Structures are given as C-alpha cells and as structure tokens.
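Good morning, and thank you for joining this group meeting. I would like to walk you through one protein model, beginning with its overall form and ending with some details of its backbone.

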Amino acid sequence: MFCFKVAEKFVSINGEGPRAGELAVFLRFCGCNLDCGYCDTHWANTADVKYVLASAEELVAYVKSTGVKNVTLTGGEPLLQEDIARLIVLLGESGAEVEIETNGSVPLREIVSLSPRPSVTADYKLPSSGMEKYMLTENFSYLTLRDAVKFVVGDMCDLLRAEEIINRYSLTDRCRVYFSPVFGKIKPVEIADFMKERNLNGVRLQLQLHKIIWNPDMRGV
C-alpha cells in the first residue's frame with residue numbers, strides 16, 4: 001500500500017484562492033521541485049522535515065471525520081506525489097470538494113481529466129521568484145472558470161510581467177486571476193494603484209487572510 005508523506009493536516013479557513021474565507025481541510029505534502037525566493041513553506045521541503053505516513057484511505061477517513069467539505073491539497077508541490085490522482089478521486093467520491101494548489105511547473109492534463117474533477121489554483125512564478133523559467137504555459141489551456149491562476153507579486157517588475165502574461169493568454173476570459181503580494185515586500189496599495197492605472201478588469205487583489213488573522217509564521221492555520 002502506497003503511503004503519502006504528510007507534513008501537516010489541519011482545518012482552517014482558506015487564506016486565498018476562489019474559496020478564500022471558507023473552511024477547508026488542508027493536507028500538506030512534503031517536497032517541491034522549485035525553490036522560490038519568497039517561499040513561506042520551505043520547511044516542508046527540507047530533507048529533515050518531520051512527517052507522518054498515511055494511505056489514501058486514511059486521509060479520506062481523516063477528511064470525513066472533520067465534517068468539512070472543502071479539501072485543499074498543497075505542499076510543497078502536491079502533484080509530485082505518487083498516487084495523488086487516486087487520492088483526488090477517492091476524496092471526490094466521498095463528497096469532498098477538492099482544490100489543488102500547484103506551483104505551475106507540473107503538467108495538468110491528467111489531473112483535470114479526473115472524475116470527479118478537482119479545481120486547480122495554479123501559480124505563475126514571476127521574476128522575483130527566480131523560478132519563472134520552469135512555468136508550463138501550456139497548462140493554461142486546461143483551465144476553466146472553476147480554476148484560478150495566482151500571481152505572487154514582489155515588485156513592479158512582477159506586476160508588469162503578470163500583466164503581459166494575462167493579456168498574452170487571455171487569462172481573465174479563461175479562469176479566475178489573482179494578484180497576491182509577497183508578504184512584507186510590496187504594499188497592497190501599490191498593486192491596487194497598478195490595477196487602476198492599467199484597467200485590469202477581471203483581476204482580483206487578494207491578501208493572505210491567514211497571515212492577517214494569525215501570526216504570519218504560524219503553522220497549521
């Protein structure tokens with residue numbers, strides 16, 4: 001039986017994305033193929049991270065025990081997990097609404113063909129992350145209005161690049177689009193002013209609610 005390396009699992013509100021403010025069960029998996037300069041969960045990707053082993057059936061049972069319908073699979077990078085497709089299907093069949101938080105570098109074709117289909121919130125890594133070269137723009141073709149692309153913005157160069165990508169791939173016609181500031185690096189008002197100056201219709205500015213409600217460095221929230 002395959003077991004997942006789970007760095008943490010907990011119930012909280014969704015801090016960002018299409019279900020921001022709603023209760024969700026979070027399943028955070030170990031490991032990532034990127035190394036973003038602003039990563040706030042780098043601890044989950046280190047070789048010595050503490051984790052528990054859990055089967056897909058055990059994780060489904062845990063989710064059902066919480067009584068919470070929304071489930072967010074995150075990391076690290078959840079789509080690197082062997083057998084993740086089976087877990088997604090089992091969660092969906094149990095009645096859960098599954099959301100995948102993915103870093104934008106892993107192909108989405110097989111994931112969006114699953115039934116029940118999960119929703120996807122895919123990052124597009126901007127220049128300040130140092131990881132833009134790994135982005136798979138072909139993933140955009142698999143997104144629908146139930147999905148989202150999130151641009152984590154650190155500076156004005158990031159904003160200009162995000163605008164370029166949004167326009168080139170008509171993202172606001174294809175899916176939901178979010179700007180999220182790198183915590184402590186850029187003021188939200190700068191992003192709001194940029195959106196007004198550029199008439200960025202269909203783009204949402206979103207702050208990380210969990211970092212406002214709790215200590216920004218707190219885990220399990």
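Let me start with a definition: helices are DSSP runs of H or I with at least four residues, strands are runs of E with at least two, and both are numbered from the N terminus. With that in hand, we can place a residue such as Gly76, which is found in the loop between β4 (70–74) and α2 (84–93). Please keep in mind that this is a predicted model.

I turn to the whole chain. The protein contains seven helices and nine strands. Its C-alpha trace spans about 50 × 35 × 30 Å along the principal axes. For 221 residues, a compact globule would have a radius of gyration near 17 Å, and the protein has 17 Å, which agrees. Of the 221 residues, 52% count as buried. Among contacts with a separation of 6 or more, 72% are between residues 24 or more positions apart.

Val11 offers a local example. This residue is found in strand β1 (residues 4–13), and with a relative accessible area of 36% it is partly exposed. Leaving aside neighbours within four places in sequence, Val11 is in contact with Leu23, Ala24, Val25, Tyr62, Thr66 and Val68. For Val11 and Ala24, 13 residues apart along the chain, the C-alpha atoms are separated by 5.8 Å.

Next, the interior. How many cavities of 30 Å³ or more are there? The count comes to one, and about 60 Å³ of space lies in this largest cavity. Its lining includes Gly104, Leu108, Tyr124, Met135 and Phe140. The lining residues divide into seven nonpolar, three polar and one charged.

Now the cysteines. A disulfide is a covalent bond between the sulfur atoms of two cysteines. A search of the whole structure finds zero disulfides. Cys32 is in no disulfide, and the nearest cysteine sulfur, that of Cys39, is 6.7 Å away; the cut-off for a disulfide is 2.5 Å. Cys32 is partly exposed, at a relative accessible area of 29%. Why is Cys175 without a bond to another cysteine? The closest cysteine sulfur, in Cys36, is 19 Å from the sulfur of Cys175, which is too far for a bond. Cys175 counts as buried, at 3% relative accessibility.

Finally, the backbone. Most residues other than glycine have a negative phi, and most peptide bonds are trans. Which residues are joined by a cis peptide bond with omega of about 10°? They are Gly75 and Gly76. Another cis peptide bond joins Ser115 and Pro116, with omega of about 0°. Ser115 lies in the loop between α3 (109–112) and β6 (119–123), and Pro116 lies in that loop between α3 and β6 as well. Ser115 is exposed, with a relative accessible area of 60%. Its C-alpha atom is separated by 9.7 Å from that of Leu90, 25 residues apart along the chain.

Two residues have a positive phi although neither is a glycine: Asp83, at about 75°, and Asn199, at about 50°. Asp83 lies in the loop between β4 and α2 and is partly exposed, at 30% relative accessible area. Asn199 lies in the loop between α6 (188–197) and β9 (203–205) and counts as exposed, at 59% relative accessibility.

Thank you for your attention.

Methods
Residues numbered from 1 in each chain as written. Predicted model: local features only at pLDDT ≥ 70, side-chain atom pairs only at ≥ 80, totals over all residues. Heavy atoms only, no water. Buried < 20%, exposed > 50% of the residue type's maximum accessible area, 1.4 Å probe, protein only. 1 Å grid on protein atoms, 1.4 Å probe; cavity = no way out; pocket = protein on both sides within 12 Å on 5 of 7 lines; lining within 4 Å. Points joined across faces, edges and corners; volume = space filled by probe spheres on them. Nonpolar A, V, L, I, M, F, W, Y, C, P; charged D, E, K, R; others polar. Rg over C-alpha atoms; globule rule 2.2 N^0.38 Å. Contact = heavy atoms within 4.5 Å.
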